[in-house]
Amino acid sequence: MTAPSTQRHSGSVAAAELLQAALNLASSLDLPSVLQRFVAASTELTGARFGAINVLDGRGRSTTFVHTGMDERLAAMLGRGPHAVGVLGAIPTRGTLRLGDLMQHPSFRGFPANHPPMGSFLGTAVRVRDRVYGYLYLSEKEGGFTDDDDDVVLTLGAAAAVAIQNAQMYAEAEHREHWLQAGQTITTMLLSGAEEEEVLAEIASSSREVARADTAALVLPGVDDTWVMEIVDGVGSDELVGTVMPPDGRARTVLRDGNGLVVDSLSRSRAMRVDALRQFGPAMYAPMQADGRGVGVLVLLRRVGSTPFEPTDLATAEAYAAQAALALVLAEARHAQDVAALLDERERIARDLHDLAIQQLFATGMQLETVRRRAARGVDPTELAGIVEEALDNVDSTVKQIRSIVHALRDPDAAAPLAERLRREASLARTGLGFAPSLLITVDGRVLDSPDSLEGDAAALDERVGEDLSDDVVAVVREGLANAARHARAASVAVRVELHGEAPTGRVVVEVEDDGAGLPPERERRSGTDNLAARSRRHGGTFVLGAGSDSGTLLTWQASLPGRH
């Protein structure tokens, strides 16, 4: 009576272990972890010495090989995973292949060099979304594999299929999120007024990083209806920059049709006519189209032997390329609108100067010419005094007219108090940063609008700083916030404007600090920071761009207060 009871007890323990192993597989969303757990559980529950899962691509080539029971040194000597040929190719797409000695199988072709000897064998296909995802190999079980082992691997394979599918879906969602973030960065840069070349370089570098490619290139319009690889980031950039794409090549075809393209290997392509591209394997072409117009082509490349791009990769890359193209077209339209507005403003200024100032100066010149002729005839100077006085009044009036025109060219908000202008800059920066920066304004150590501030602090800020320096203070804050939005990838930005003392020894200090990525090791573009330095020198001040207190970047700009007139 005790023997059957013991057998049932052992069976229930095995079932519990199998259930626990299946639950462990479902508890992870990291694909490498899922595969490793699957192989480990399969070897442990069947008693196999060696185990592996071989993930294959559409051509039957190994893309991922996860193993257990073999030390890493020996695995490195064997190289990459095997192809599904020989005995491995005889594993059915459903069910198992169980052998007492795989070397006795008719399809056995021998072991590669350094491979350990193996006899007993159990193999099964792992199906995900009703297609073969890979194969599980188990070997070297003492006494050979049994029917129970078949049940174990089939049950674990079904659980692994669900876990793999969940991990893939999670990875795809995370991948799409990275593409969306990259697209938002491009849009932010364009809205912040970044130069087009800088934006194009960011499109290439961010897409290469997100797509896990070795090289990213932008094919853009050249001279005389040519299309050229103008921006290249990654491996082989020196060879690829300036490459003219063939009229009937893949890039031009993608541009004309508006449909992306995935290529398994450029190195093996017989139709490849761009020699510089033969050094790459998998490739992906995504059209950059907006409003039915082709702006360019995003080309992503991987080294020979790398994992091919998937259709899901192409879908996300196409969406990113379309978003980047739309942002570029909108920036181009905004630039054209700005140019048109500038031309209109110039025409208005010309009219105002002609109608108001030039005409009055001409009339004044006529009056002075009358004085000169009469003086030459010997007219009594007292008779000429009235004409001269009238001419001087006209000159004063003309000066006022010119001042009025010049004042109209200034920032429309220039007449507002400095504190209000600074608050407006901080509010406008929310769009580019994705959050509101903090703003702290102090006058002689007192925080403006705090319980400690004095009633006249706001007026003192405007009076001591003056109109000219106020414009520069606002410009420095605006540039600092724009730089943080474009480059910092920060979670917070703090703006501090401090007024200390009065002229001639007093000064105003501006600090913009973020907690982002910090200064890059090499900064090629310095136009914005050069402007800040020039503004500080104009007021006898200093400008420093360095590391923040913990991380990120700290911009410090200060200027001497102007004397009162």
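In this predicted model, six strands make up an open sheet of mixed pairing, arranged in the order β12-β11-β13-β14-β16-β15. Its edges are formed by β12 (446–447) and β15 (542–547), each of which pairs on one side only. Within this sheet, strand β11 (residues 438–443) runs parallel to strand β13 (residues 493–500), and 6 bridges join the two. A convenient place to look at this pairing is V443, which stands opposite L499 in β13.

A second group of strands is centred here on β10 for the sake of description. Strand β10 (residues 293–303) is largely enclosed by the rest of the structure, because 8 of its 11 residues are buried. Strand β9 (residues 280–290) pairs with β10 in the antiparallel sense over 9 bridges, and M288 is found opposite G296 in β10. The hairpin of β9 and β10 has 2 residues between the strands, and in it D291 adopts a positive phi near 55°. Strand β6 (residues 215–221) is also antiparallel to β10, joined to it by 5 bridges; in this pairing A217 faces V299 of β10 as its opposite residue.

Turning to the earlier part of the chain, strand β3 (residues 96–99) offers a neat example of alternating side chains. L97 and L99 point to one face and are buried, whereas T96 and R98 point to the other face and are not buried. Strand β3 is antiparallel to strand β4 (residues 121–128), with 4 bridges between them. T96, one of the residues of β3 that is not buried, has T124 of β4 opposite it.

Strand β2 (residues 62–68) includes S62. This serine has a relative accessible area of 3%, which is under the 20% cut-off, so S62 counts as buried. S62 also illustrates a contrast between sequence and space: S62 and G134 are separated by 72 residues in sequence, yet their C-alpha atoms are 8.7 Å apart.

The surface deserves a look as well. E389, E390, D393 and D396 together form a negative patch there. One of these residues, D396, belongs to helix α10 (residues 381–409). With a relative accessible area of 45%, D396 is classed as partly exposed, because this value falls between the 20% limit for buried residues and the 50% limit for exposed ones. D396 of the patch thus differs in class from S62 of strand β2, since D396 is partly exposed and S62 is buried.

Definitions and conventions. Residues numbered from 1 in each chain as written. Predicted model: local features only at pLDDT ≥ 70, side-chain atom pairs only at ≥ 80, totals over all residues. Heavy atoms only, no water. Buried < 20%, exposed > 50% of the residue type's maximum accessible area, 1.4 Å probe, protein only. Pairing = 2+ DSSP bridges. Patch = residues over 30% accessible without salt bridge, like charges linked within 9 Å, V, L, I, M, F, W, Y side chains within 5 Å. Areas by Shrake-Rupley, 256 points an atom, 1.4 Å probe, with all protein chains shown as cover. Salt bridge = Lys/Arg side-chain N within 4 Å of Asp/Glu carboxyl O. Lys, Arg positive; Asp, Glu negative; His and termini not counted. Charge placed at Lys NZ, Arg CZ, Asp CG, Glu CD.
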